[in-house]
Amino acid sequence: MQVLKFGGSSVANAVNISKTVQVIRQAILKEKTIVVVSAFGGMTDILLQCGSTAARGDESYKDSLILIEQRHLETVRQLIPVATQSGVLSMVKKICNELEDIFKGIFLLQELSDRTKDGVVAFGELLSSRILSAVLTSQGVENVWKDSRELIITDSRHGRAQVDFRATKKKMLEYFRSPEVSLLVVPGFIASDAQGVTTTLGRGGSDYTAAIYGSVLACDGIEIWTDVSGMMTADPRLVSNARVIPHISYQEAMELSHFGAKVIYPPTLQPVMSKGIPVWVKNTFAPTDPGTLIEKVSRRTASSIRGISSINQIALLSLEGSGMIGIPGFSKRLFEALSGHQINVILITQASSEHSICVGVDVVQASLAKSVIDAAFFTEINNGDVQPLIVELELAIIALVGDNMKSHPGISGKLFGVLGRNGINVRAIAQGSSERNISAVISTKDVQKAVNVLHEEFFEATYKQLNLFITGTGNVGKRLIQQLHQQHDYLFDQLRLQVRVTGVANSRRMLINEEGIDLNHWQELLDQGSPMNLRNFEEIIHSKNLRNSVFVDVTANKEVGTSYERLLQKSVAVVACNKIACSSPYLYYRKLKDLSKEFNAAFYFETNVGAGLPVIGTLNDLLRSGDKIRKIEAVLSGTLNFVFNHYNGKTSFAKVVRQAQDEGYTEPDPRLDLSGTDVMRKIMILAREAGNVIEMEDISNSVFLPASCNAGSVADFYKALEKEETHFKKLYEGAAAEGKKLKFVATYEKGNASVGLQHIDPAHDFYHLYGKDNIVVFYTDRYPEQPLVIKGAGAGAEVTASGVFADIIRAASA
């Protein structure tokens, strides 16, 4: 014999019931079958709401009652031929009349007891099971309908009655001695007490009904038919890549169900475990899918985790006080107080110091729990030995579940590591001695992010998702987006990275798309975006709370540069092309570095110096390996190198500068480059990264640009350059007369930094530096005479974008 249980979605309407009938037809070809039926989808809630409305003295309950009756009658009309439907319609009308009488009584008394609630909600399963039985009969499928209240006996705890298995077994065995039938249809969820009063087995209790029949009758198997193809590695509403668990043990399934997995009702497996009856979870709407097999010992898989689950709406109750230390009985009194008021404890954790104990309860019971516990410890609280109970709301529990976690080191480390890297604070933790479950209490707003990053860590060796928020769509920003688009498939195939541009902003507009912006049309989409507001952009990043979020700054904007602090505090990684933050006062620079460590948020700014050249990364590698920086010499301005490489005294200096700007090598205002300010910032950043405290005013700058060039607009600047051509020609000729070249050099040594034009002879590393190239020379303890040299293109949108790109990839693996 086998038991098939069909949930509310499987009998929600005529179309779904037809699918259910097809499943039953196939099942009875194999062996005798008991079919357990839930109420029509959503019907239990409708009945309870209708009862509450009547209890308030609100006559609108009658409207709901009419809708209930019409829904069932219409389903009969759609499924049963006209010639044979009159008897079934009369049966539905009769049951609905009985329900109407009950509601009249509730309305008159304005009272809805738990006993009456059980009587009301029972009508949902009674109606659905009778209709399914009638549909089967109308299609020539012989069956018998039986009221489960006549077979399942419970105590009188209405709403969540406990089964009397001895009395139930006696009833069932007596009934099944009668002439055998190949198909029995019974309502789930409902039972009766010893006096014959209707009781219910708790919400989701139809699963439990199936287990009771299966266990008592020693059936060969139980099938739970629902609207998903089995138990999943995570809630598919939270994790788009959740997948079906093909095999799972009873204990694992119970743990997942307890911690929020809704596919199966938690008590369902208790009656079948001792008898080793297999339970299948199957999909009514995809009956050929294999589903999930729940059995005594599940098959081993590559992952030590079987699934991830979560419970929202948790309150954390903390009892603390020095008076608890070394005093036996505190825990006992706490749990007795909660138990005495039917308050279920979901999670328990206690400090080894005995100074505190925490329990998690349903938020609905939090207020009652506080009053109960404060009353139980009134004397100790009055004496100051124990503090009044602390109640924390808006919390949730996430749980990792798996039999293979036992004696498998590193699981907890990975759990807390991945949560920490994503800025998810763990409020409390608990692990059973079986090592089958690790639970953590976190903020409710972090649940979706937490479940996704954990699923990514434990189940998706396939890929890691990165969410980018890019500010700045100038030359570098455009090239960066182009490179990301071009390399999308490569990153996924080779690095297992799914890089999504989730947000884009410029000085005018901003665009957010949680599913990823279409990079084929990002400019058109951005033009249609919202007006740009940096704080709003930040707030959206925070509120979306997406996993592995990276803020990418490819602006030269001071306001954007000062936003990093707030982003890092929310564990959003920052990749900065913008030099303003790292060249700000040292205390702010240091603060950003410290926040990056404190909140496990990557902070990379390689392109602050040398565009795409690996300057800062190499410097940090030297320091991490124990080397010490003694001296830095560098040509750090691709713009200035381009200008002095092309200026020969024949073409005017102004024209060479304009050429550099036209080719994208200068800042919008070239004076920032020519004044040496940009080079000062860069050498300061290198000196800071080498471990030195230095400010801009500590750097000496031998300015070569005449004062007349600093006044007015950019147009005025170019006019001034033309007027000062003699000055620039003199600079060039002075160097040329010595057989040398002009280079704008930055130097740092023994705490002193300087920038300025130098005459470079042919033997120097800087002499053969062409075009827009940069060069950085590190003299260290390990490279005292033959320095470490980094040389290459130090300006240009393409190489700068590639440097930002590289930092994004580093952030992904941080």
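**Notes on helix α22 and the salt bridges**

1. Starting with α22, which spans residues 615-624: Val615, Ile616, Thr618, Leu619, Asn620 and Leu622 are all buried there. Keep in mind that this is a predicted model. On the pattern along the helix, a general point helps: an α-helix has 3.6 residues a turn, so residues three or four places apart point the same way.

2. What covers those buried residues of α22? The cover includes two strands that follow in the numbering, β25 (629-635) and β29 (773-780), along with β30 (788-793) and the helix α26 (677-689). Just after α22 comes Gly626, and this glycine takes a positive phi of about 100°.

3. On to charges. Side chains of opposite charge can pair when their charged atoms come close. How many salt bridges are there? The count comes to 31 with a cut-off of 4 Å between the side-chain nitrogen and the carboxyl oxygen. A few of them are worth a look one by one.

4. Take Lys93 and Glu69, which form a salt bridge with their closest N and O atoms 2.7 Å apart. This pair links distant parts of the chain, since Lys93 sits in α4 (residues 86-109) and Glu69 in α3 (residues 61-79), 24 residues apart. Is each partner buried or partly exposed? Glu69 has 17% relative accessibility and therefore counts as buried, the limit being under 20%. Lys93, with a relative accessible area of 35%, is partly exposed.

5. Lys544 and Glu514 make another salt bridge, here with 3.3 Å between the closest N and O atoms. Again the pair links distant parts of the chain, 30 residues apart: Lys544 belongs to helix α18 (residues 534-544), while Glu514 lies in the loop between β20 (509-512) and α17 (522-527). Lys544 counts as partly exposed at 32% relative accessibility, and Glu514 is partly exposed too, with a relative accessible area of 27%.

6. Then there is Lys740 with Glu738, a salt bridge whose closest N and O atoms are 3.6 Å apart. Lys740 is partly exposed, at a relative accessible area of 28%. Glu738 also counts as partly exposed, at 46% relative accessibility.

7. Last one: which residues are linked in a network of salt bridges? Lys579, Asp678 and Lys682 are. If you're browsing the model, α26 (677-689) is worth a second look, as this helix is also part of what covers the buried residues of α22.

Key:
Residues numbered from 1 in each chain as written. Predicted model: local features only at pLDDT ≥ 70, side-chain atom pairs only at ≥ 80, totals over all residues. Heavy atoms only, no water. Buried < 20%, exposed > 50% of the residue type's maximum accessible area, 1.4 Å probe, protein only. Helix = DSSP H or I, 4+ residues; strand = E, 2+ residues; numbered from the N terminus. Contact = heavy atoms within 4.5 Å.
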